[in-house]
Amino acid sequence: MDPAMLFTARAFQGVFGALLTPSVLATLAATFPMPAERGKAFGIYGTVMGSSSGLGVVLGGVLTDYLDWRWCMYVSLPIAAVAAAGTFYAVRPVSRAAGVRVDIAGALLATTGLMALVLGFARAETDGWSAAITIGSLAAGVLVLAVFVVVQKRIAWPLLPLRVVLDRRRGGSYLAVLSLAVGMFATLFFLTFYLQNVLGYSPVRAGIAFLPLTAGLMVGVRIVSPLLMRAQVRSLLCPGLLTIAAGLALLGLVPVHGGYWPHVFPVFLLVGLGTGWVLVTANSTATIGAGVDTAVANPGAVLTDRECRSGTFRCDAMAGR
């Protein structure tokens, strides 16, 4: 397997992951609109995510140590097959509301703009901030995303209605997920190298060393799930984000010749706890009102007659204008 094939395969994973994740969240939100059910559903969702992450790192270490790292890719096939069979069996299709169009142009613009930004930041490390490729990529990314915003304002069925982002609860949830992703991936990337290259852990031992992250995540999910419909969003997001920030602060203090228990373990525990706390809260808040007919719109949202007629929100939510 050459690098080009690996990068292409990972790109396809990203594309289909982008299709899968919103569908799962929207299905949860539409299936469990009642507050009590919603908290339990998103709690179970977070628990499954946490347990799967723990199983994934341990299984990945075992496969790498005793077989080959390529098996980390192959092992996804039977899991995907079982998930697909369960989806076909349990999920019933819902016809799309008349007149709704998929915003393909918006998807292409958003993807292109974000890819250009990523390329610019990546080249800044190798070529410097003043290099033409760095400046050109960053400028192109900003320009394309600006065009994306203009397009979203003018078309009837935008990929990302701007009122969604401007809503304080939803916008705050999206920002929290962005912050969470940055912190989580920084932790995983750095500590993977630290465990194996500095502490000399084998792949299996490194996978087991990640389990406190999973344990913290599951504890965070269990703590926050009962509070979802009883507390304000900011009172839930802020403690979770501060916990992640504390873990990242400790990550910055990890010495070159440190140890697992005094230096790495607290980082995993805090980042995992904050991740579970933020993930469930942000996903639940961001998907309130999703689905057809079963969802209730955010009372603070401004809905158009077209949105009401489309079935995206219940028409009695027009009273929330």
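In which helix is the place of G276? The place of G276 is in helix α12, as the view of that residue below shows again. The model is predicted.

**Figure 1. Overview of a protein built from helices.** The predicted model has 13 helices and zero strands. Along the sequence, the pattern reads α-α-α-α-α-α-α-α-α-α-α-α-α. Of the 321 residues in the protein, 33% are buried. The accessible surface amounts to about 18900 Å², and carbon and sulfur atoms account for 72% of that surface. Taking the contacts between residues at least 6 apart in sequence, 68% link residues at least 24 apart.

**Figure 2. Surroundings of G276 in helix α12.** G276 belongs to helix α12 and has a relative accessible area of 0%. G276 therefore counts as buried, since the limit for that class is under 20%. With neighbours within four places in sequence left aside, the contacts of G276 are L217, G220, V221 and V224. The view also takes in M49, which is 227 residues from G276 in sequence. In space, the C-alpha atoms of G276 and M49 are 9.2 Å apart.

**Figure 3. The largest nonpolar core.** Which residues have the most contacts inside the largest nonpolar core? They are L191, L195, Y260, V264 and F268, in a core of 16 residues. Elements α8 (168-198), α9 (203-209) and α12 (260-286) each give two or more residues to this core. The most comes from α12, with five residues. One of the core residues named above, F268, is in contact with T187, L191, L195, A209, F210, P212, L213 and Y260, leaving aside its neighbours within four places in sequence. Another core, of 12 residues, lies apart from the largest one. Its members include A41, F42, V221 and W277.

**Figure 4. Q152 and its polar contact with D103.** Q152 is found in helix α6, which covers residues 132-154. Is Q152 buried or exposed? Its relative accessible area is 3%, so Q152 is buried. The side chain of Q152 makes a polar contact of 2.8 Å with the side chain of D103. D103 is also among the residues that Q152 touches, together with G106, P158, L159, L160 and L162. That list does not count residues up to four places away in sequence.

**Figure 5. A nonpolar patch on the surface.** This patch is formed by L55, L59, V62, Y66, L67, W69, W71, M73, Y74 and L77. Together these residues have about 1000 Å² of accessible area. Two elements, α2 (35-66) and α3 (71-74), give two or more residues to the patch. Helix α2 gives the most, with four residues. One patch residue, L55, lies in helix α2. L55 has a relative accessible area of 57% and therefore counts as exposed, the limit being over 50%.

**Figure 6. A salt bridge between R123 and D127.** How many salt bridges does the count come to? The count is one salt bridge. Side chains of opposite charge can pair when their charged atoms come close. In this view the side chains of R123 and D127 meet in a salt bridge, with an N to O distance of 2.7 Å. Both residues belong to helix α5 (residues 104-127). Because R123 and D127 are four residues apart in this helix, about one helical turn separates them. R123 is partly exposed at a relative accessible area of 31%, and D127 is partly exposed at 35%.

**Figure 7. T287 in a loop.** Where does T287 lie? T287 lies in the loop between α12 and α13 (305-310). T287 is counted as buried because its relative accessibility is 10%, and the limit for a buried residue is under 20%. T287 touches L25, A29, R38, F42 and R170, not counting residues up to four places away in sequence. One of these, F42, is also among the residues of the core of 12 residues. T287 and S173 are 114 residues apart in sequence. From C-alpha to C-alpha, T287 and S173 are 9.7 Å apart in space.

Terms used: Residues numbered from 1 in each chain as written. Predicted model: local features only at pLDDT ≥ 70, side-chain atom pairs only at ≥ 80, totals over all residues. Heavy atoms only, no water. Buried < 20%, exposed > 50% of the residue type's maximum accessible area, 1.4 Å probe, protein only. Polar contact = N/O pair within 3.5 Å; in protein donor to acceptor, adjacent residues only side chain to side chain. Contact = heavy atoms within 4.5 Å. Core = buried A, V, L, I, M, F, W, Y, C linked by side-chain atoms within 4.5 Å. Patch = residues over 30% accessible without salt bridge, like charges linked within 9 Å, V, L, I, M, F, W, Y side chains within 5 Å. Areas by Shrake-Rupley, 256 points an atom, 1.4 Å probe, with all protein chains shown as cover. Salt bridge = Lys/Arg side-chain N within 4 Å of Asp/Glu carboxyl O.
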